[in-house]
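Let's take a walk through this structure, with an eye on its empty spaces, its cysteines, one helix and a couple of backbone oddities. Have the viewer open as you read.

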Amino acid sequence: RANVQINSEISSQLITDQYWFIPSNYLYKNNVPIDVQAHPGKYTIENRYGLHSLEISTCDFDDIAQYRASAMNVKGEISAYASLVVKRYKGEIDASHLHAGTFSMPLSLGVTPHGFASRFEIKFIDKFEVMFGREGETMSLGCTVVISPDIKRFKPDIEWYRNGVLITPSKWVQMHWTGERASLTLTHANKEDEGLYTLRVVMGEYYEEYSGYVFVRDADAEIPGAPGAPLDVQCLDANKDYVIVSWKQPAVDGGNPILGYFIDRCEVGTTHWTQCNETPVKFARFPVTGLIEGRSYIFRVRAVNRAGVSLPSRVSEAVAALDPADRARLRSHPSAPWTGQIIVTEEEPAEGVIPGPPTDLQVIEATKNYVVLSWKPPGQRGHEGIMYFVEKCIAGTEDWQRVNTEIPVKSPRFAVFDLSEGKSYCFRVRCCNSAGIGEPSEATEATVVDDKLDIPKPPGRIMPTRNTDTSVVVTWTEPPDAKELVGYYIESSVVGSGHWEPCNNNPVKGTRFICHGLVNGEKYIFRVRAVNAAGLSEFSQDSEPIEVQAAIAAPSPPYDITVLESVRDSMVLGWKQPKATGGTEITGYYVNYREVIGGVPGKWREANIKAISERAYRIENLKENMVYQFQVAAANLAGVGTPSLPSKPFKCEEWTIAVPGPPHDVTYTEVRKDSLVLLWKEPVYTGRSPIAGYYIDMKETEAKEEHWRSVNEKPLQKKFLKIAGLTEGVSYVFRVRATNQAGVGRPSDITDPVVAETRPGTKEVVVNVDDDGVISLNFECDQMSPNSKFVWSKNYEPIEDDSRLDIDSKGGKSKAIFKNLGEDDLGIYSCVVTDTDGVSSGYTIDEEEMKRLLALSHERKFPTIPLASELAVEILEKGEVRFWLQAEKLSGNAKANFVFNDKEIFNGEKYKMKVDQRTGLVEMIMDKLEDKDEGTYTFQLQDGKATNQSSLVLIGDVFKKLRDEAEFQRKEWHRKQGPHFVDQLGWEVTDECNVMLKCKVANIKKETHIVWYKDDREIMVDEEHDFKDGVCTLLISEVSDCERYDLVFQQNKQKRKWVLKMEKLTRRLHFEMMTEEIITLSATDLKIQSTAEGIRLYSFVTYYVDDLRVGWVHNDTQIRYTDRVKTGVTGEQIWLQINEPTPQDKGKYTMELFDGKTGHKKTVDLSGQDVSPVFEFSHKTPCTDGQC
């Protein structure tokens, strides 16, 4: 009794392909066109934006049927089906449906084999995608299957197909079904396994499928440059005498043309492979002879080119060397388990009858290498088996030669080899048995020994079209006059690379192929070649370039329709953008409305004919106090999408409230783990006074209404806010309220829930200053779809003025380049990537950041080379002058200019210049500093754009001092090139109080000779000097005044002389000798003596001179001499006399001796008990050395 609506949507791709509907008969019931005119009021057909609907009023059991909608164009027809089942209202049972106490349903109900009158819903999740593997690898693909309702007694049938052919388990393929997941494993992938794999889940008469392509590339060749392995080796014609082996040529030739193929055979049960042909064959079929009747064999094929031989193909299925009749008889009557070997017996011979000639002799295949003959056995043959002899002759002659001279042929087919290419032959066959050899058959027509099958011509009209962001659909036309095509190979190349890659490794049939594994955004060209047994065609012409991008589709429906303003005859609607844009930007929206009277909606009407770009629209000419429903459809380049669900009813009436209406278009961006940015637009209805600001509310998604809380206490003037302090992993919703003088208006629609999280791979806007000082904001995205775009905004408003910024986007990178950063550019810059899952980021440029960037820009625009040290000068050992500085870092392209008094100087005889980029050292060495070299020296550095310089001023006294020092050092160096004095001639006093003259000489040799002179008279020495350590000495036992000593040494022709005058030094020398002797050797320890006057402290010395200074110290205090305390020298005794000692005189006494160079001390202590009697009895009994 209810009304039923059946919808059919034409995809955007079909619309762009120019599909059209036949207006009168594009809807069918049980394959009979529906005639609307014949059933007025029963059927209603509508068409809105590609959505076609059939409404059936007041359904009854006569409406149970299968309904079909068809679309057609010049390319063909496509249909969609729906089955309608009508159930009895409220469980009422029609007695006419009862029979023999059971309830039978109409046959059109489509009951499953288990009796369930429902359709199963089969879904595939965790699906396998396009897969890529390599020969020899193990590959697995599978899906998780969800079937509802879940009926335990009704289990699905799981079927796998490759290129539409049902796959059965084998040693190469394993299948598994867990009850939830279906999987297929290729245990050792080969190119034969490449193709479109389809998983079919069957539930009774209903099934669902899912497909994905599997690509298998060639394994790495053992020999570089060798071709790929052949594939799909099969045995086409097996009999007692030979087996015809066929194969497919590989797509990869290794860079060199394939010269031919080797065929190998192996008897089943062994591992020994035998090569069947000595020279490579080019034709992809070859008859293998020399087999043992009844034995089973497997075969493989190898390709060969100039580089070497390929890896072998996958082995063929085993085949027995039997005639087809014998093989069929053995299959139908097996006598024992299969062992791989067949024992053949023959019948007992009867009375011999010579057989007649064979019939129907013909050449079934002819190539350059062989000819295959086929015939029928004779009708007259007797009861015993017969065999055959084959004969040949050159056409036009009667010179017949027997081909098989020794062993007769057992099968009515034979391959003839050893024929001369290009010549014509005729063939005939004779039968034989034990009775003899029969008459020959009729001879064949003349046959030229050559390939009868030509290599195909190249395919034509290569047309690539977009498919996905990693694949392209390639179509082509079949080559003319093509025969026995095996398939096609397709190759792709990035434009400009010159490198071609195979798109498939197993020839595909048909003239359409999807090339997967391409790089999004790259431009490719394609070419195709055809394959048959004779070989591979030339490549087709290259296709036009195509950029790899996904094909676009219509957008999904908008949602959350709300009223933003209402007056007596119009209403302003707002809605949210579709969640799926269809791969391209939305170009506009279409709005429909309908009246609702008494709860019953009327027919939809179009509110706008021209698409609107904003997500807010005013609908005019409405009726006051009428209730309306609305729906919105989005459009893009692919067409108009499905309309939204009808909104809730809204009454068209004048809003008279004083507060503002709700803000709209509330969205969020820059979602992170602890923050996001909320955006909105101002209300359409502002109330009775201007908008004063906005309040933002938030709550956790699952929280109740009373948990809404305000984010800001004071109203915001701007229409965006960064909300911080979110909890990672928690889902939130937000809303916005506007306020004016009258109060706060009603809130906006709440946002979609958003989880506070920073998704993996999230990137931020990064500011960059390049080497030219250009400041830019940079953003990268690796999640872009083919139609994604970068959209920059300032303070979350679109950037319309390009006088301040240049936007440069390429691939997954975009940059906003400032032309002249200034105060007008302060603000928040945000970048959003469209057609992604919210990829966005922002960057704030305030006054402080602007100053930092401008300083960095100036530094990059006018860079300087940092110096580790400024320009300095030093004198080298030879008297050369070295100017140098050191940079912290130099590149290999760094260079330096050397300037003297504003004039550049260059490397030459006077100047030696060097720049060490590794260490950053820059130096210039001048051989000699002259008067004209006074002035300013400058080193100018340049490293790319970076520069720096350092100067050194050498004028006046600074220059003269440097020049004199350089001249002195130069002379010294020249002097030191021969023998020279290191230490001047001097003297010292020995322990025996002798004087030793001493000097040190460097750069001496064995032949160096020295002579000592005294007052110009040579001193004869007893021993030859050994020059140990370069030290020369002369020992003098007596020294007098007015003596002069000379030391002269000679080496080669060079002489050096040093003079030491002793005049007026004898007294000093004597004093030095005596002082040192007194100090170091002759001074004894202090002793104590008791005298009649008091106490005497004394020490004896061997020598004494008047210049010797003596001091006495008591308890670290210098003694002041008085009449009671006196000091003096008597002969060789130095003494201190203390008269009438008192206890205050106890303590430590020190005698200090000073020779003019060093000081020496002698100490005695008068504090102990041992010296107490000295103080008590010093007046009575004199004591000597402490003894009384």
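**Pockets, cavities and a few local details**

Strand β19 gives the second largest pocket eight residues of its lining, the largest share. Bear in mind as we go that this is a predicted model. The pocket in question holds about 1300 Å³ of space. Its lining runs to 45 residues, and those closest to the centre are R162, E192, D232, V233 and Q234. Besides β19 (231–238), the strands β14 (165–166), β20 (242–248) and β36 (485–494) each put at least two residues into that lining. Sorted by class, the lining has 22 nonpolar, ten polar and 13 charged residues.

Now for the closed-off spaces. How many cavities of 30 Å³ or more are there? The count is three. The largest cavity contains about 150 Å³ of space. Around the largest cavity sit 15 lining residues, with T562, K576, H664, D665 and D749 nearest the centre. Strands β42 (559–566), β43 (571–576) and β51 (664–669) each bring at least two residues to this lining. Its make-up is six nonpolar, four polar and five charged residues.

On to the cysteines. A disulfide is a covalent bond between the sulfur atoms of two cysteines. How many disulfides does this model have? The count is zero. Take C515, which is in no disulfide: the nearest cysteine sulfur belongs to C503 and is 3.6 Å away. The cut-off for a disulfide is a sulfur pair within 2.5 Å, so this pair doesn't qualify. C515 is buried, too, with a relative accessible area of 0%. Over at C59, the relative accessibility is 7%, so this cysteine also counts as buried, the cut-off being under 20%.

Another cysteine, C1032, turns up beside a strand residue. L997 belongs to strand β76 (residues 995–1002), and its C-alpha atom is 8.2 Å from that of C1032, although the two are 35 residues apart along the chain. L997 counts as buried because its relative accessibility is 0%.

Next, have a look at helix α4, residues 956–975. At 1.5 Å a residue, its 20 residues should span 28 Å, and the end C-alpha atoms are 29 Å apart, so expectation and model agree. Which residues of α4 are buried? They are F959, L962, A966 and E972. These residues cover an arc of only 160° around the axis, so they lie on the same side of α4. The general geometry helps here: an α-helix has 3.6 residues a turn, so residues three or four places apart point the same way. On the other side of α4, the exposed residues are D957, K961, F968 and K971.

Finally, a bit of backbone. Most residues other than glycine have a negative phi. T58 has a positive phi of about 50° even though it is not a glycine. You'll find T58 in the loop between β5 (51–56) and β6 (65–73), where it is partly exposed, with a relative accessible area of 49%. D481, also not a glycine, has a positive phi near 55°. D481 is in the loop between β35 (471–477) and β36, and β36 is one of the strands that line the second largest pocket. Is D481 buried or exposed? With a relative accessible area of 69%, D481 is exposed.

Conventions
Residues numbered from 1 in each chain as written. Predicted model: local features only at pLDDT ≥ 70, side-chain atom pairs only at ≥ 80, totals over all residues. Heavy atoms only, no water. 1 Å grid on protein atoms, 1.4 Å probe; cavity = no way out; pocket = protein on both sides within 12 Å on 5 of 7 lines; lining within 4 Å. Points joined across faces, edges and corners; volume = space filled by probe spheres on them. Helix = DSSP H or I, 4+ residues; strand = E, 2+ residues; numbered from the N terminus. Nonpolar A, V, L, I, M, F, W, Y, C, P; charged D, E, K, R; others polar. Buried < 20%, exposed > 50% of the residue type's maximum accessible area, 1.4 Å probe, protein only. Expected span 1.5 Å × (residues − 1). Arc of directions from axis to C-beta.
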